[in-house]
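Please look through the sequence and the structure shown here. The paragraphs after them start from a single residue and widen step by step to the whole chain.

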Amino acid sequence: REEPAIDTSNAVGGIEVCFDEPIKDRNSGLNVKAGCQTLDGAGSLAWVRMRYADPKGDLGRIERQQQYVRLMIGEILNWQTLVNPFRQLSIVNAVLSSVLVDEDSGPLAVGRLGLGMGRIATGSGEVASVPTLEGDNWANGQWVLKWDPEESAQLFSSMGAGTPQSATDDRE
C-alpha cells in the first residue's frame, strides 16, 4: 500500500501547482519545470516534503503543507467530485485510509474536522504558524528558529490556550 497522501492525491487526479523556477531536490525527489503543472500523488508528496531546496527551510515546508490541504479540499469539493460517484468513493476511501482518530472520537468530532477543513479550503477558515523572530538565532552551534514572544503569546491566547514555556523562555 502506498503513502496515504499519495493515494489521496491520486484519487482527486492530482493537484495543480505553479512554480516560478524549476526545482530539482534529490532529498524529497521533487523534479519540476517552471510553470503550472498537475502533480500526481508522488509529486505532491515530494513537493510537500521538500525543505532543503527551499530558502525558507521548514517554514516553507509548513506553508506548502497548508497550501496542499487547501488544494486537496478544493479538489474534493469541486463539481467533478459532486457528479461522479466513482470519484467520490475513491476519494472517501483514500481519505479514510489517511485519517487516524482516537477511539473516543465520535462522528461529531470527525464531522467538525471535515467542516473545519472545508472552511480552510474556501478561505473562511484560519491557518496559522507560530510567529518567529527574524535574524540569525544560534543555539548549541546551529541555526534555530525562535518564537516571537509577544506575537506567539497573542496567537496562543486567541486560541484559548495559555502561553507555552518555550514562548517566553530566553534560554539558548
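In this predicted model, Met50 is a useful place to begin. Leaving out residues up to four places away in sequence, Met50 touches Ile23, Asp25, Ser28, Leu30, Arg61 and Arg64. Met50 itself is found in the loop between α2 and α3. Is this residue buried or exposed? Because its relative accessibility is 5%, and the limit for a buried residue is under 20%, Met50 counts as buried. A residue that Met50 does not touch may serve for scale: Gly106 is 56 residues away from Met50 in sequence, and the C-alpha atoms of the two are 34 Å apart in space.

One of the residues touched by Met50 is Arg64, and this arginine deserves a closer look. Arg64 lies in helix α3. With a relative accessibility of 7%, Arg64 counts as buried. When neighbours within four places in sequence are set aside, the contacts of Arg64 are Trp47, Val48, Met50, Arg51 and Asp54. By way of scale, Arg64 and Asn31 are separated by 33 residues in sequence and by 16 Å from C-alpha to C-alpha.

Which residue shares a salt bridge with Arg64? The partner is Asp54, and the N to O distance between the two side chains is 2.4 Å. This pair links distant parts of the chain, since Arg64 is in helix α3 while Asp54 is in the loop between α2 (41-49) and α3, ten residues apart. Both Arg64 and Asp54 are buried.

The count of salt bridges in the model comes to four. Another of them joins Lys56 and Glu63, whose closest N and O atoms are 2.8 Å apart. Lys56 has a relative accessibility of 47% and therefore counts as partly exposed. Glu63 is partly exposed as well, its relative accessible area being 37%.

A further salt bridge is formed by Arg87 and Glu75, with 3.3 Å between the closest N and O atoms. Arg87 lies in helix α5 (residues 85-98) and Glu75 in helix α3, so the pair ties together parts that are twelve residues apart in sequence. How do the two partners compare in accessibility? Arg87, at 15%, counts as buried, whereas Glu75, at 23%, is partly exposed.

Helix α3 has now appeared several times, and its geometry can be checked by a simple calculation. At 1.5 Å a residue, the 19 residues of α3 should span 27 Å, and the end C-alpha atoms are indeed 27 Å apart, so expectation and model agree. The buried residues in α3 are Gly60, Arg64, Gln66, Tyr68, Met72 and Ile73.

The path now leads from α3 to helix α6. What covers the buried residues of α6 includes α3 (58-76). Those buried residues of α6 are Gly116, Gly118 and Ile120. The calculation used above can be repeated here: at 1.5 Å a residue, the 16 residues of helix α6 (residues 107-122) should span 22 Å, and the distance of 22 Å between its end C-alpha atoms agrees with this. Just after α6 comes Gly123, which takes a positive phi of about 90°.

A positive phi is also found at Asn140, a residue other than glycine, where the value is near 55°. Asn140 is placed in the loop between β5 (138-139) and β6 (142-143). Its relative accessibility is 75%, which means that Asn140 counts as exposed.

Finally, the chain may be viewed as a whole. How many helices and strands does the chain contain? Its secondary structure comes to eight helices and six strands. Read from the N terminus on, the elements run α-β-β-β-β-α-α-α-α-α-β-β-α-α. Along its principal axes, the C-alpha trace spans about 55 × 40 × 30 Å. Of the 172 residues in the chain, 27% are buried. Among contacts between residues at least 6 apart in sequence, 44% join residues at least 24 apart. The chain exposes about 11600 Å², and carbon and sulfur atoms supply 53% of this area. The chain has 15 positive and 24 negative charges, and the mean positions of the two groups are 5 Å apart.

Terms used:
Residues numbered from 1 in each chain as written. Predicted model: local features only at pLDDT ≥ 70, side-chain atom pairs only at ≥ 80, totals over all residues. Heavy atoms only, no water. Helix = DSSP H or I, 4+ residues; strand = E, 2+ residues; numbered from the N terminus. Expected span 1.5 Å × (residues − 1). Buried < 20%, exposed > 50% of the residue type's maximum accessible area, 1.4 Å probe, protein only. Contact = heavy atoms within 4.5 Å. Areas by Shrake-Rupley, 256 points an atom, 1.4 Å probe, with all protein chains shown as cover. Lys, Arg positive; Asp, Glu negative; His and termini not counted. Charge placed at Lys NZ, Arg CZ, Asp CG, Glu CD.
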